[in-house]
Amino acid sequence: MRISLLGKLLLAFLCLILTVALPVAIFNWRTSTREVRRFVSEEEKNQFIAEMTDYYLAHGSWNGLRETMEQNFPDGPPGGRPTFGLIDDQEMLQLPIGAFPIGKRLPLDEFQPRTPIKINNVIVGAVITDDRTFALSRTEQALLDRINRNLLIAILGACLLAIPLSIVFARTLLRPIQQLTLASKAIAQGDLEQQVKVNTNDELGDLALAFNQMSQDLARSTYLRRQMTADVAHELRNPLTVLAGYIESIRDGVLQPTPARLNLIYGEIEHLQHLVEDLRTLSKADAGELGLARQWVAPALLLARVAARYQHQADQQQISFSLSAPAPQPLLLLDEERMMQVLGNLVSNALRYTPAGGQIRLSACHAERRTKLVVQDTGAGIASVDLPHVFERFYRADRARHSDNGAEDGASGLGLAIAKSLVEAHGGTLTVE
């Protein structure tokens, strides 16, 4: 049998109410009974003490007390009431109690405590009480029953009031969960942009915020995946169109297979191979299957190797290199070729957008147990609106540089995305300013 979460909460609240109410009812019943009996016993003892005090004041001693009591109570003390005894200042019984007769000394360990009787601040005797035969009268028992009944009614009323309050509380608690359930079902049906209201500042509020963020990320991820599919199709279509055009023209005899034309065809094939390899690298990085051949490398030597690789191209573009890696620099455990690919991508981008006479600066610094490698150029920079997107696949901040054949600048649009994936695979971060 399936029980809803609301039913489980109400059942839990009901069990909690009963668990609390039952001990409270038992405790109140026992306490009220004990207190009523104690009150009645104290009242009768005080009355008995007053009578004994009056007797002593009238006779000056306890002589004749027993005869007087037998005259007043020929049948003995009233049944069901506390039995009182009296001892004088010598611990001798003047009124019998229990199995101890008059004239005997009462042991000190019997019938404790004892209430003294004082005349002019002098103790002339003490009253002892035997509650073993004590029972409430009909009137007293009726009063006790009314007290217990009122307590029971109060407890039942509190329980009955707690039930609707529990229902309201449970529904209030479940409302965010129900909203999350409906939003989750909508996402399962393909409507990814779901947001739930955050009305609380507790764990449920945190859950709703996390769900909203997940929904946004999922919608954006789906959008980027679709956009990437369209971009991949576009990137593949352009070189394939060029290849098909040249090959068809050569096949039909319209064009001759000259070395220049064959070199152009081969260049398009290389572009396709580069694009496929980039996609393969990203796919492995996404799947966590990107292998790294780690070894200890000095940052200064790594940057010097990058500078040496691009020095000739920089000289041709009249761009100067500067290298800064002040010692000491700790060795880095990384895949040198993969990191060369990252830094090479950044330097080639810097060369592409730095004008003649500009400068590219490579630097390394170590602080707080982390090493920062920096590629900085004096180019035009990147607009602030484009900064959050530069690591997205096929994103180009300057669309004017992207020609129709997709290969004018030799880039596939995946370089920065690959660089970010490679750095994160090493446990680092890649940022842009």
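Asparagine 121 is exposed, with a relative accessible area of 75%. In this predicted model, asparagine 121 sits in the loop between strand E3 (115-119) and strand E4 (122-130). Its phi is positive, about 65°, although the residue is not a glycine.

Glutamine 318 also has a positive phi without being a glycine, here of about 60°. This glutamine lies in the loop between H6 and E6, just after H6. Its relative accessible area is 59%, and since exposed means over 50%, glutamine 318 counts as exposed.

The next loop feature is a peptide bond. Alanine 327 and proline 328 are joined by a cis peptide bond, with omega at about -5°. Proline 328 belongs to the loop between E6 and E7.

**Helix H6**

How far apart are the end C-alpha atoms of helix H6? They are 26 Å apart, which agrees with the span of 26 Å that 18 residues should give at 1.5 Å a residue. The helix covers residues 299-316. H6 nevertheless has a bend of about 50°, located at tyrosine 310.

Tyrosine 310 is also one of the buried residues of H6, a set that consists of Pro299, Leu302, Leu303, Val306, Ala307, Tyr310 and Ala314. Several strands take part in covering these buried residues, including E5 (295-297), E6 (320-324), E7 (332-334), E8 (359-367) and E9 (370-377). Helix H7 (336-353) is also part of the cover.

**Nonpolar cores**

Which residues have the most contacts inside the largest nonpolar core? They are Val306, Phe321, Val342, Val347, Leu351, Ile360 and Leu362, in a core of 37 residues. Two or more residues each come from helix H4 (203-251), helix H5 (259-287), H6, E7, H7, E8 and helix H8 (415-425). H7 contributes the most, with 8 residues.

Valine 306, buried in H6, touches Met340, Leu343, Val347 and Leu362, leaving aside residues up to four places away in sequence. Of these partners, Val347 and Leu362 are themselves listed among the residues with the most contacts in the core.

A second core is separate from this one and has 15 residues. Among its members are Phe48, Met52, Leu65 and Ile119.

**Aromatic pairs**

A pair of aromatic rings is described by the distance of the centres and the angle of the planes. How many aromatic pairs does a search of the whole structure find? The search finds 2, listed here.

| Pair | Centre to centre | Angle between planes | Arrangement |
|---|---|---|---|
| Phenylalanine 48 and phenylalanine 84 | 5.1 Å | 20° | stacked |
| Tyrosine 56 and tryptophan 62 | 4.9 Å | 55° | tilted |

The pair of phenylalanine 48 and phenylalanine 84 links distant parts of the chain, 36 residues apart. Phenylalanine 48 is in helix H1 (residues 5-59), and phenylalanine 84 is in strand E1 (residues 83-88). Are these two phenylalanines buried or exposed? Phenylalanine 48 is buried, as is phenylalanine 84. Phenylalanine 48 therefore has a relative accessible area under 20%, the cut-off for buried. Its ring takes part in the stacked pair, and the residue is also included in the second core.

In the tilted pair, tyrosine 56 and tryptophan 62 are both buried.

Methods. Residues numbered from 1 in each chain as written. Predicted model: local features only at pLDDT ≥ 70, side-chain atom pairs only at ≥ 80, totals over all residues. Heavy atoms only, no water. Helix = DSSP H or I, 4+ residues; strand = E, 2+ residues; numbered from the N terminus. Expected span 1.5 Å × (residues − 1). Bend = angle between axes of the 7 residues up to and from the residue. Buried < 20%, exposed > 50% of the residue type's maximum accessible area, 1.4 Å probe, protein only. Contact = heavy atoms within 4.5 Å. Core = buried A, V, L, I, M, F, W, Y, C linked by side-chain atoms within 4.5 Å. Phe/Tyr/Trp six-rings, centres within 6.5 Å; stacked < 30°, edge-to-face > 60°.
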